[in-house]
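Q: Please take a close look at the charged side-chain pairs in this structure. Where do the partners lie, and how open to the surroundings are they?

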Amino acid sequence: KQWYQRRVRAEKQGETTSVSEDVFFMKQTVGNACGTVGILHAILNNPSIPVGGEVEAFREACQGKTPGERALLLEGNAGIAERHSTAASTGQTAAPSADEKVTLHFVAFVEVAGRLWELDGRKEKACDWGPVEGGDVLGAAAGAVKRYMSCDPQEMRFTVVALTDMNQ
């Protein structure tokens, strides 16, 4: 837990590392949209994933914008909002309202330029977890997740999803 407390303190004091311009990061300002923000973080940081339509237009509109400005663009994007609502309403459980208080959250771990980045729209910026050794993104991300899990070993509500290239 001590590493996490130090990390939170450093983030609040602005002592974290700088973020590569190659990392696509945005704030989450829409309530209970962390899954959508996490998916956008994952696919927009992976040039091998082909996107088109609304997502490509969103990516282009975000060029040169701050994480907060990108959040405002997402708020105003009717196409992505409609897809978010559709996906949220077709799951196996009832989706909470946008203003309902929830304790669960989604973040994305991505590799950009050989480094592992944690992208959490609740935070001010992306968090650099360091180099990805030998191209093992899954192993590096699993190590980061294990550190979080060690903070509360009795907590069982962890889910991990990997977007991978099926051709590798």
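A: The following account considers three charged pairs in turn and then turns briefly to the aromatic rings. The model is a predicted one. Side chains of opposite charge can pair when their charged atoms come close. A search of the whole structure finds 6 salt bridges, including the three described here.

One of them joins R59 to E56, with 3.2 Å between the closest N and O atoms. Both residues belong to helix α3 and are 3 residues apart, about one turn of the helix. R59 is classed as buried because its relative accessible area, 18%, is under 20%. E56, at 22% relative accessibility, counts as partly exposed.

Another salt bridge connects R122 with D120, at 3.2 Å from N to O. Here R122 counts as exposed, with 55% relative accessibility, whereas D120 is buried, its relative accessible area being 2%.

A further salt bridge is formed by K123 and E118, whose closest N and O atoms are 3.7 Å apart. In this pair, both K123 and E118 are buried.

Helix α3 also takes part in an aromatic contact. The structure holds 3 aromatic pairs. In one of them, F24 and F58 meet edge-to-face, with 6.3 Å centre to centre and 70 degrees between the planes. This pair links distant parts of the chain: F24 lies in the loop between α1 and α2, and F58 in helix α3, 34 residues apart. F24 and F58 are both buried. Elsewhere, F109, W129 and Y148 form one aromatic cluster.

Methods. Residues numbered from 1 in each chain as written. Predicted model: local features only at pLDDT ≥ 70, side-chain atom pairs only at ≥ 80, totals over all residues. Heavy atoms only, no water. Phe/Tyr/Trp six-rings, centres within 6.5 Å; stacked < 30°, edge-to-face > 60°. Helix = DSSP H or I, 4+ residues; strand = E, 2+ residues; numbered from the N terminus. Buried < 20%, exposed > 50% of the residue type's maximum accessible area, 1.4 Å probe, protein only. Salt bridge = Lys/Arg side-chain N within 4 Å of Asp/Glu carboxyl O.
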